[in-house]
Amino acid sequence: MLLTDSVRNIKGVGEKAEQCLNKMNIYSIADLLEHYPRDYDEFKPLQPISSVAEGEMAAVEGSLSARPQVKVRGRLKILSVMLQDESGSIPVTWFNMAFLRNQLRMGTHYILRGKVTKKSGRLVLDQPKIYTRQEFYRQAGRMRPVYPLTFGITNNAVTKALETALRETEDLAEYLPAEVRKRQGLIGYKKALKQIHFPANQEEMREARRRLVFDELFLYQLALSYIKKNGRSRSAHMIEPKPEAAEFLDELPFSLTKAQEKVYEEILQDMGDGYVMNRLVQGDVGSGKTIVAVLALYQVVLNGGQGAFMVPTEVLASQHYKSLSGLLSERGVRIGLLTGSLTARQKREGREKIVAGDWDIVVGTHAIIQDNVEFAELALVITDEQHRFGVRQRESLFQKGQEPHVLAMSATPIPRTLALILYGDMDLSVIDERPADRLPVKNCVVNTDYRPNAYRFMMEQIREGHQVYIICPMVEESEESDLENVTIYTEELKDIFPVSVRIEGLHGKMKPVQKDEIMERFAQGETDILVSTTVIEVGIDVPNSTVIMIENAERFGLAQLHQLRGRVGRGGCQSYCILMTGQESKDAVERLSVLAGSNDGFFIAQEDLKIRGQGDLFGIRQSGDQLFALADIFQDAQILRQAGEEAKAFTEDEIVLLYRKNYRLRDRVETYLGKVTL
C-alpha cells in the first residue's frame, strides 16, 4: 500500500468502517497513520477490591453477590451488579448493555477491568470490560493505544487497521535531512510511527513522541518561511485618524483601559505608515479586544475602505454582527452578515452588496472567503480566534483586497517568548489589563465528594435567573471511555434536577448547524444548564452565565482551563468556577491551585510552562480545534525553540532546493499550510 491509498485498501476495513473513519477526517493511509493515540492503557495486575482507588483503571476478580438489576433512566438502560472477593465488594455499572443481564451468573468468577469513580459517596466500577483469565494475562504488562473515536467504530477496529497499515505501507520514507536528525538526536520516521502507536514501554513512546513533535514544529516553521515575503510590502490603504472616531470613543459608556489605548495607538500607527499592517493582538479572556477591533474598522470605513471580520462559528458571527450594528449603525456604517446557513438568495444579495460597496463591514464565517465573494475596496481584514484558521484561509481573505491591512486576535495567553516564535513575522500587541467593571471569578478546587453541594449551588443560581456550564472531556461511550460522558451526564442531570430545569448537551461530534442551534438557545436564556465538551472554549458571550464546573479538571492544561473559565464572569454579577478533580495527588492539586489563585491568563500561562514538564503527554484533545496533532507549545516549549533554530538555519534558496530534492518534505509542508496559522 501507498500513503495516498484509501483506507478502504486495508484488509478488514469495509464500507461502514470507511465511513466512520471519514467522519474523523481519515481518508488515506497517511491520515490513519497520523491519527495518534489520545492516551495509553497500561494493563496492571489484578488487585483486591478493597485496594481500588478513585480515578484509576482497576482490574479485579470476584463473583456476584446479588442478581443483576436493570434501571431505565431516560434513554439509558443501566445494568448494576455487586462484585465481591475476600477483601470486600464494589458496585459495578454498565450503560446500555442490558444484554449482559442474561450472561452474568451468580457464583461464577469474573475478571472485570474499568474506571473507578465515586458516586453518592461510594466507589463504583464503571463500564468495565469482562475478560477470561487467558485474555487478561495476554494483555498484562502491555501498553495499548487508546484512540479518538466516533460512533460506529471501536478502538479495537482502529488498532487492527493501524497494525496492518504499518506492516504493509511501502513508502514511509524519511524526509528530514540527516544532519537535522543527527543534531537533534531523533529516531527515524518509520520507527517513530511504530513506537507512537505500539510502544513497548514509556521510554519508547517518549522517544517516538519527541521525533513526531519536532516534525510538527519544524514543518510549522518551514511553512511560515515558505509563505513569508521579504520585507514589508507597501499598502494601498493609508488610514488617517478621523475626528469622528474620537467622538465615537468619547461617547462610549466606558473608558478604554491603558492597555487597550496602547494597542489602539499601535494599530493606528501601523495603518497610517504606508505599509501593510500585519499585527496579532493577544488579549486575555474579557480584556476587551473586540472594541479595539471595532475602532479599527470604524477608522477604515471613515477613510472610504471596507472591513472584513471573520470568526470561526455562525453563532459568534451573529453575535459580532449584532454588537457592531448596535455600536455603528446609528453613525451610518452599513454592516452585513454572511454565513453558510443563509439561503441562496440571501447569499447572492449579500455578495452583490459587498462588491457594490453597499456594505462597509462584512461579518461572517468561512463563507466570506468563497471564490464568488468579491469586495469593492477591502482595506482591513480581521480574524477573531485566529488559531482556528489555517494559513490558506487567512490568505484567501487577504487576497480579496489590494494589500489590505491584517489584524488577528487571540484570546490564548501565550508567553511572549513562545509567541514570537509561533507568530513569525507578525507584530505582537498584548492587552494585559481587564476592564475595571469586571468582577474577578471566584474559584475552588474540589473532589467528587463535593458534587451534591455543587448541584445545590447551581440550583440556587438558576433560581436567581442565571445559567450554568458543565464541562466534561469525553463525547461518546466506548469500551475505553474513562472520563465523564456528555450524553450520559446530561441524562443523569435530568434525574437530579427538577423537571423545570432545562438541560442540553453539546459536543464536537454534532453537526455545525445542531451545535449552533444549541448555543443560540443557551445564549437566548432558553437553557439553564449546558453540558458540553471544550467546544464552548471559543464560544458566544453569555453574560447571564455565572457558574462553570469543569469535570476531570486535572486532565486539562492550565491555559485551556483558563480559556474555559472565561465563559463566565462576562456580566455584572459575581461568577464562579468549580474545578472538580477525581485525583487528589499532590501534583494535580498544585497545578489546579495555580488556577484557583489567579485570574491572570498570562501568569497562568507562565506557570503552566513551568509545571507541565514531562507530565501528561496527551491531556484532552478535542477534534478540529488543535493547531498540532501532538505538539503542545507549553509542554514542548524547548522542542519549539530547537525546531525554530533549525528552520532559521535554512536560507530561502536552501528551502527551495530542499523541496526539489525531497518530495516527501515538500508534500508535507504544502499539506501543513492548511493547518498552520499566522
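1. Starting with helix H10 (residues 289–302): at 1.5 Å a residue its 14 residues should span 20 Å, and the end C-alpha atoms are indeed 20 Å apart, so the two agree. The expected span here is 1.5 Å times one less than the number of residues. Helices (H or I, at least four residues) and strands (E, at least two) are DSSP runs, numbered from the N terminus.

2. A word on what we're looking at. This is a predicted model, in which local features need pLDDT of at least 70 and side-chain atom pairs count only at pLDDT 80 or more, while totals for chains, interfaces and linings use all residues. Residues are numbered from 1 along each chain as its sequence is written, and side-chain values use heavy atoms, with hydrogens and water left out.

3. Back to H10. Twelve of its 14 residues are buried, so the helix is largely enclosed by the rest of the structure. Buried means under 20% relative accessible area, exposed over 50%, and partly exposed in between (1.4 Å probe, protein chains only). Among the buried ones are Lys289, Tyr298 and Gln299, along with Ile291, Val292 and Leu295. Gly304 follows H10 and has a positive phi, near 90°.

4. For the chain overall, I get 23 helices and 21 strands. Of its 678 residues, 55% count as buried. Contacts (heavy atoms within 4.5 Å) reach far along the sequence: of those with a separation of 6 or more, 74% are between residues 24 or more positions apart.

5. Helix H15 (residues 451–463) passes the length check too: its 13 residues should span 18 Å at 1.5 Å a residue, which agrees with end C-alpha atoms 18 Å apart. Its buried residues are Arg451, Ala454, Tyr455, Met458, Met459, Gln461 and Ile462. Seen down the axis of H15, these fall within an arc of 160°, so they line one face of the helix; the arc is that of the directions from the helix axis to the C-beta atoms. As a reminder, an α-helix has 3.6 residues a turn, so residues three or four places apart point the same way.

6. What sits over that buried set in H15? The cover includes helix H16 (486–496) and strands S16 (442–447), S17 (467–471), S19 (529–532), S20 (545–550) and S21 (576–581). After H15 comes Gly465, with a positive phi near 95°.

7. Now a helix pair. The axes of H11 (residues 314–328) and H17 (residues 512–523) come within 9 Å and cross at roughly 45°. H11 and H17 are therefore oblique to each other (under 35 degrees is roughly parallel, over 145 roughly antiparallel, 65 to 115 roughly perpendicular, the rest oblique). Glu314, Val315 and Lys322 of H11 meet Asp516, Met519 and Glu520 of H17. By class, this contact has two nonpolar, no polar and four charged residues.

8. Also in H17 is Ile518, which is buried at a relative accessible area of 4%. Leaving out residues up to four places away in sequence, Ile518 touches Glu504, Gly505, Leu506, Met510 and Leu530. Gly505 is 13 residues from Ile518 in sequence and 8.1 Å away in space, C-alpha to C-alpha.

9. Two asparagines have positive phi. Asn96 has phi near 55°, lies in the loop between strands S5 (88–95) and S6 (109–119), and counts as partly exposed at 45% relative accessibility. Asn552 has phi near 50° and lies in the loop between S20 and helix H18 (558–565), but Asn552 counts as buried at 11%.

Conventions:
Axes are lines fitted to C-alpha atoms, for helices over the stretch in contact, and angles run from 0 to 180 degrees between N-to-C directions. Ala, Val, Leu, Ile, Met, Phe, Trp, Tyr, Cys and Pro count as nonpolar, Asp, Glu, Lys and Arg as charged, and the others, Gly among them, as polar.
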